[in-house]
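Welcome, and please have your viewer ready. We will walk through a few selections one by one, with a short note on what to look for at each stop.

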Amino acid sequence: MTLHESRPGFRPGFRPSRDGTRPVRVSLEFFPPKTPAMEETLWASIKRLEPLRPAFVSVTYGAGGSTRERTHATVRRIVEETALRPAAHLTCVSATKAEVDDVIRSYAEAGVHHIVALRGDPAGGIGTPYAPHPEGYVSTPALIAGIRQIGDFEISVSAYPEKHPESASIDVDIDVLRQKVEAGAARAITQFFFDNDVYFRYLDKVRAAGIDIPVVPGILPVQNFRQTAAFAARAGASVPAWLAQRFDGLDDDAETRRLIAAAVAAEQVFDLVDRGVTDIHFYTMNRADLVYAICHLLGLRPLAGQAQAAA
């Protein structure tokens with residue numbers, strides 16, 4: 001039995017291209033740092049991954065005060081200090097339309113023309129009821145409409161292969177995605193998943209519903225299995241038994257965990273590409289090495305002269 005055959009959802013046969021072409025396009029997601037140490041880690045990761053020339057890099061967004069300002073600062077620095085194309089996240093949470101519109105204009109002034117439009121988690125956290133700001137945008141489609149009134153932005157949105165935790169059903173969730181597309185979304189990026197069949201079943205339903213925009217799979221390389229499992233539980237993403245078994249007994253063996261994490265993530269990505277996926281979005285968790293290694297296996301290489309700088 002081969003590694004691929006050990007559990008459902010994966011098929012063998014992917015081979016990275018040998019002629020130097022890019023077999024797949026990648027995009028990367030970062031979050032704004034909270035401390036000087038986290039900022040150092042973030043920028044080391046950005047500099048490490050920049051030579052791979054991702055299609056774009058997105059920066060997550062938190063509602064209110066300091067969190068929002070950290071996002072602005074990170075996005076602006078990406079524009080000013082790198083050759084990367086940033087996509088700024090934007091939510092409806094805890095802000096008036098006027099406040100959100102000011103943020104949109106500030107992005108345009110900074111040279112950012114791609115926004116990831118999200119409703120955002122409830123102000124009380126995941127699992128609490130969502131209540132829109134009385135003077136704010138009530139939903140993602142409304143936010144998208146507001147963005148389009150202000151400028152010619154490329155707009156990406158979220159999609160949920162196992163449905164949004166608050167949705168009554170997958171069909172309701174896909175109807176919400178249709179509303180986002182009708183409002184002007186050009187691309188959807190999925191919540192992370194670990195079983196590729198989950199993604200392809202979802203994609204079949206999306207296409208059957210007449211939605212034809214790209215639905216880019218979001219991949220979360222497992223840096224720490226226990227943390228990832230807890231995060232998945234909050235986000236409504238399932239963790240297959242085979243994944244838990246891969247990390248079983250390694251709580252005190254960080255080096256082996258890292259090797260297993262690289263193998264699992266690369267295997268998942270190779271299978272996606274083998275089955276026709278051409279774009280992949282990595283949730284980097286502000287860590288470069290694992291994502292860089294997977295991209296290398298996919299055939300992505302720095303331009304001549306940049307490899308040493310990346311290292």
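**A serine in a strand**

Start by selecting Ser58, which is found in strand E2, residues 57–59. Keep in mind as you go that this is a predicted model. Is Ser58 buried or exposed? Its relative accessibility is 1%, and since buried means under 20%, Ser58 counts as buried.

Now show the side chain of Glu29 too: a polar contact of 3.3 Å joins it to the side chain of Ser58. To fill in the surroundings, add the residues that Ser58 contacts beyond its neighbours within four places in sequence: Leu28, Glu29, Phe30, Ala87, His89, Val116 and His281.

**The whole chain**

Zoom out for a moment. The protein has 11 helices and nine strands, and 50% of its 311 residues count as buried. If you take the contacts with a separation of 6 or more, 79% of them come from residues 24 or more positions apart.

**Two helices side by side**

Next, select residues 140–150, helix H4, together with residues 170–183, helix H5. How do these two pack? Their axes lie 8 Å apart at an angle of about 10°. Angles under 35 degrees count as roughly parallel, so H4 and H5 are roughly parallel to each other.

Show side chains where the helices meet. From H4, pick Thr140, Pro141, Ile144 and Arg148; from H5, pick Gln179, Lys180 and Ala183. Colouring this contact by residue type gives three nonpolar, two polar and two charged residues.

**Along helix H6**

Our last stop is helix H6, residues 196–208. Try a distance from its first C-alpha to its last: the 13 residues reach 18 Å, close to the 18 Å expected at 1.5 Å a residue.

Look at the start of H6, where a side-chain oxygen of Asp195 comes to within 2.9 Å of the backbone nitrogen of Asp197. Then jump to the other end: just after H6, Gly210 has a positive phi of about 85°.

Which residues of H6 are buried? Select Asn196, Val198, Tyr199, Phe200, Tyr202, Leu203 and Val206. To see what these buried residues pack against, bring up the following elements:

- strand E5 (154–159)
- helix H5, which you have already met in its packing with H4, and which also packs against the buried residues of H6
- strand E6 (187–190)
- strand E7 (215–216)
- helix H9 (254–274)

Methods. Residues are numbered from 1 along each chain as its sequence is written. This is a predicted model: local features need pLDDT of at least 70, side-chain atom pairs count only at pLDDT 80 or more; totals for chains, interfaces and linings use all residues. Side-chain values use heavy atoms; hydrogens and water are left out. Axes are lines fitted to C-alpha atoms, for helices over the stretch in contact, and angles run from 0 to 180 degrees between N-to-C directions. Helices (H or I, at least four residues) and strands (E, at least two) are DSSP runs, numbered from the N terminus. Angles under 35 degrees count as roughly parallel, over 145 as roughly antiparallel, 65 to 115 as roughly perpendicular and the rest as oblique. Contact means heavy atoms within 4.5 Å. Ala, Val, Leu, Ile, Met, Phe, Trp, Tyr, Cys and Pro count as nonpolar, Asp, Glu, Lys and Arg as charged, and the others, Gly among them, as polar. The expected span of a helix is 1.5 Å times one less than its number of residues. Buried means under 20% relative accessible area, exposed over 50%, partly exposed in between (1.4 Å probe, protein chains only). A polar contact is a pair of N or O atoms within 3.5 Å; within protein, one must be able to donate a hydrogen and the other to accept it, and residues adjacent in sequence count only if both atoms are side-chain atoms.
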